[in-house]
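Student: I am new to this structure and would like a close look at a single part of it. Please choose one place where side chains meet, stay with that place for a while, and then follow the links that lead away from it.

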Amino acid sequence: MKLLRSIAILLLAASPFVPGGRMMAETPAASVDVTKEGWWLTPYKATKEWTIGVSYTDVSISYIAALQKAVQNKAKEMGVKIIEVDAKNDTNVELSNVENLLQQKIDLLLFEGASLKASGASIEAANKANIPVVHFNILAEGGQYVTFVGSNQIDSGITMGNQIVKLYKELGKPSLNGIYMRGIAGYITDEVRNQGVKDTLKEAGIADKIMWTEQYADFSRGKAQSVAESILSKSSDYDFVIANGDDMILGALGAVKSAGLLGKVRLYCSVDGLPEVLDGIKAGEIVSTVFQNPEGQGAGGIMAATMYLDGRKDLPKQILIPFVLTDKSNLSDIMAIANRVYKQ
């Protein structure tokens, strides 16, 4: 019931109208409660046309593309100018992009770091230029920043780990064989999600009961399918697949189907909440995913940045958007949000 109330709040907040047909009033920066669910959907207008530089890790990734769309839509609503750059998951490109943004006299840097440690150079460059930094989606180390708007990524790994613990208990086998689709080597979210999965299995006392075939597939659907096909061509003796991103579980699904193993090898859990994965859950082909909200992170990130420029100096150091385990039990509620943020 708590989840359903939360979803209802988000859906109501998405509309500019309140019951009775009256328009919702725009809210002053000081009055926005960033601890309230759906706060990023509050109608808001900037006090002036600020120029905000936005650095993304890699917009070729479906989730980051949705994040970008959320940033663009909220910036337009608020009346702020954004200058966007794509690091293409290369910290050298990232630093060059940020230095270029700083030359364009931006008022603030909205930053999604490509590397936990190496992205610190970009943050420090902004600090040196006296340009405030707001992190979103990914919190990199180094330098000073105003706030972070995003999800605690280790929670998604913990949730996936708990799903494997659940499967282990359900199957009652001495051990399980799993395929683990990792993202990009060295990518922050991939490393942290992996930590969450492995730590959870260790705490549950079954780390030695899960036999892994683990390969990177770069968050790519096509590469994941190719990798999974190669793995399954050598052996079909697998119980489940998990992935650190939904595009990869979709690629693995294609491979499992091609090998005629659908039902035997379970597509058990991934992260994001892409509409195609939700459709797969509805069809019974995928068991679950861990929904993270690109609207909360993207619109929330640019809104927090704008409120700071408008004079809001009491923002908490972290503004967290919770993950939601998604399966058939809450599918329709999550689909309503995902269809809005991915199919605009």
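**From one salt bridge to the cavities**

Tutor: Let us begin with Glu77, which is partly exposed, its relative accessible area being 30%. Please keep in mind throughout that this is a predicted model. The partner of Glu77 is Lys74, and in the salt bridge between these two the closest N and O atoms are 3.0 Å apart. Lys74 has a relative accessible area of 4% and is buried, so the pair joins a residue on the buried side of the 20% limit to one that lies between that limit and the 50% needed for exposed. Both belong to helix H2, which covers residues 62-78, and because they are three residues apart there, about one helical turn separates them.

This pair is one of 14 salt bridges in the structure, and others reach further along the chain. In one of them, Glu141 meets Lys117 with 2.9 Å from N to O. Since Glu141 sits in the loop between strands E4 (133-136) and E5 (147-150), while Lys117 sits in the loop between strand E3 (108-111) and helix H4 (120-128), this bridge ties together parts that are 24 residues apart in sequence. Here Glu141 is partly exposed at 37% relative accessible area, and Lys117 is exposed at 60%.

The bridge that leads us onward joins Arg221 to Asp247, with 2.6 Å between the closest N and O atoms. Arg221 belongs to helix H7 (residues 221-234) and Asp247 to helix H8 (residues 246-258), so this pair connects parts that lie 26 residues apart in sequence. Arg221 is partly exposed at 31%, whereas Asp247 is buried, with a relative accessible area of 9%. Elsewhere, salt bridges with shared partners bring Arg182, Asp190, Glu191, Lys198 and Glu214 together in one network.

Met248 is also part of helix H8, and because its relative accessibility is 0%, this residue counts as buried. If residues up to four places away in sequence are set aside, the residues that Met248 touches include Arg182, a member of the network just described. Among its other contacts are Met181, Gly183, Ala217, Asp218, Phe219, Ser220, Ala224 and Ala243. Gly196, by contrast, has its C-alpha atom 18 Å from that of Met248, and the two residues are 52 places apart along the chain.

Asp247 and Met248 bring us to the enclosed spaces, for the count comes to two cavities of 30 Å³ or more. The second largest cavity holds about 30 Å³ of space, and its lining consists of Ile61, Ser62, Tyr63, Phe219, Gly245, Asp246, Asp247, Met248 and Asp272. Two elements, H2 and H8, give two or more residues each to this lining, and H8 gives the most, with three. By residue type, the lining divides into four nonpolar, two polar and three charged residues. Helix H2, where we began, therefore takes part here as well.

The largest cavity contains about 90 Å³ of space. Among the residues that line it are Ile61, Tyr63, Phe219, Gly245 and Asp272, which also line the second largest cavity. Its lining further includes Ile64, Asn137, Tyr187, Thr189, Arg193, Asn244 and Gln292. H2 and helix H6 (188-203) each supply at least two residues to this lining, which is made up of five nonpolar, five polar and two charged residues.

Aromatic rings offer one more kind of link, and the structure has five aromatic pairs. Tyr56 and Phe136 form an edge-to-face pair, because their ring planes stand at 75 degrees, with 6.0 Å between the centres. This pair joins distant parts of the chain, as Tyr56 lies in strand E1 (residues 51-56) and Phe136 in strand E4, 80 residues apart. Tyr56 and Phe136 are both buried. Trp212 and Phe240 are likewise edge-to-face, with 5.7 Å from centre to centre and 80 degrees between the planes. As Trp212 is in strand E7 (residues 210-216) and Phe240 in strand E8 (residues 240-243), their pairing ties together parts 28 residues apart in sequence. Trp212 is partly exposed at 23% relative accessibility, while Phe240 is buried at 0%. With Tyr180, these two rings are linked into a cluster.

Terms used:
Residues numbered from 1 in each chain as written. Predicted model: local features only at pLDDT ≥ 70, side-chain atom pairs only at ≥ 80, totals over all residues. Heavy atoms only, no water. Salt bridge = Lys/Arg side-chain N within 4 Å of Asp/Glu carboxyl O. Helix = DSSP H or I, 4+ residues; strand = E, 2+ residues; numbered from the N terminus. Buried < 20%, exposed > 50% of the residue type's maximum accessible area, 1.4 Å probe, protein only. Contact = heavy atoms within 4.5 Å. 1 Å grid on protein atoms, 1.4 Å probe; cavity = no way out; pocket = protein on both sides within 12 Å on 5 of 7 lines; lining within 4 Å. Points joined across faces, edges and corners; volume = space filled by probe spheres on them. Nonpolar A, V, L, I, M, F, W, Y, C, P; charged D, E, K, R; others polar. Phe/Tyr/Trp six-rings, centres within 6.5 Å; stacked < 30°, edge-to-face > 60°.
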